[in-house]
Every structure is written in structure tokens, then in C-alpha cells.
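Please look through the structure shown here before reading on. The report moves from the overall chain to particular side chains.

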Amino acid sequence: MRAFVGLGSNLGERESMIRSALEELARLPSTTLERASSLYDTEPVGDTEQPNFLNAVAQLETELT
């Protein structure tokens, strides 16, 4: 099954947090990290009194439910 996971961080070392999340996703059993998007710096929506987010999307192939 193909799955897409949205990733985002707006605190601390944002890029490191996303890269760590990608590594953890790749370690899931019966799962392959097929690809990851570029990183995008975005302004917060709603509660705008917070730092910008760094966002990405991961594409996985998995047998997990």
C-alpha cells in the first residue's frame, strides 16, 4: 500500500527533526521510504504568533495497516 505522511516542525532544529522523522519512518517494519519532498518554510495558519514551520511529505510503500 502506498502512504503519504506530512511532516512539520516549528521548534528547535527544524530540519534535523524532519530528517530524524524520515529516518524513523524508513526503519518501520515492512515499510520502504520511497521518496521525500523538498523542505518548505511556511508561515503558521490560525495561531500566527509562533515561528514558521518547515514542512515536507514522505511517500512510503508499506504492508502495515
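What follows describes the fold, the salt bridges and one group of polar contacts in turn.

## Overall architecture

The model is predicted, and its protein chain comprises one helix and four strands, which follow one another from the N terminus in the order β-α-β-β-β. Along the principal axes, the C-alpha atoms occupy a box of roughly 40 × 20 × 20 Å. When contacts with a sequence separation of 6 or more are considered, 62% of them in the protein chain are between residues 24 or more positions apart.

## Surface and charge

Of the 65 residues in the protein chain, 22% are classed as buried. The exposed area of the chain comes to about 4,700 Å², with carbon and sulfur atoms supplying 50% of that area. The charges of the protein chain are 5 positive and 11 negative, and the mean positions of these two sets are 7 Å apart.

## Salt bridges

Three salt bridges are present in the structure. One of them pairs Asp41 with Arg14, whose closest N and O atoms are 2.8 Å apart. Because Asp41 belongs to strand β3 (residues 40–42) and Arg14 to helix α1, this pair ties together parts that are 27 residues apart in sequence. Asp41 is partly exposed, with a relative accessible area of 46%, and Arg14 is also partly exposed, its relative accessible area being 23%.

Another salt bridge joins the side chains of Glu15 and Arg19, with an N to O distance of 3.1 Å. Both residues are located in helix α1, where Glu15 and Arg19 are four residues apart, or about one turn of the helix. Glu15 has a relative accessible area of 41% and is therefore partly exposed, while Arg19, at 42%, is partly exposed as well. A salt bridge also brings together the side chains of Arg27 and Glu24, at 2.6 Å from N to O. In this pair Arg27 is exposed, with a relative accessible area of 55%, whereas Glu24, at 47% relative accessibility, counts as partly exposed.

## Ser30 and its backbone

Ser30 is situated in the loop between α1 (14–26) and β2 (31–36). Most residues other than glycine have a negative phi. Ser30, although not a glycine, has a positive phi of about 55°. With a relative accessibility of 44%, Ser30 falls in the partly exposed class.

## Contacts of Thr62

Which residues does Thr62 touch, when residues up to four places away in sequence are not counted? Under that condition, Thr62 touches Met1, Ala3, Ser30 and Thr31. Thr62 itself lies in strand β4, which covers residues 53–62, and its relative accessibility of 9% is under the 20% limit, so Thr62 counts as buried.

Two of these neighbours, Ser30 and Thr31, can be described in further detail. The side chain of Thr62 reaches the backbone oxygen of Ser30 at 3.4 Å, and the side chains of Thr62 and Thr31 are joined by a polar contact of 2.8 Å. Buried Thr62 thus has a side chain that reaches the backbone of Ser30, a residue that is itself partly exposed.

Conventions
Residues are numbered from 1 along each chain as its sequence is written. This is a predicted model: local features need pLDDT of at least 70, side-chain atom pairs count only at pLDDT 80 or more; totals for chains, interfaces and linings use all residues. Side-chain values use heavy atoms; hydrogens and water are left out. Helices (H or I, at least four residues) and strands (E, at least two) are DSSP runs, numbered from the N terminus. Buried means under 20% relative accessible area, exposed over 50%, partly exposed in between (1.4 Å probe, protein chains only). A polar contact is a pair of N or O atoms within 3.5 Å; within protein, one must be able to donate a hydrogen and the other to accept it, and residues adjacent in sequence count only if both atoms are side-chain atoms. Contact means heavy atoms within 4.5 Å. A salt bridge is a side-chain nitrogen of Lys or Arg within 4 Å of a carboxyl oxygen of Asp or Glu. Accessible areas come from the Shrake-Rupley method with a 1.4 Å probe; for residues, only the protein chains shown count as cover. Lys and Arg count as positive and Asp and Glu as negative; His and the chain ends are not counted. The place of a charge is taken as NZ of Lys, CZ of Arg, CG of Asp or CD of Glu.
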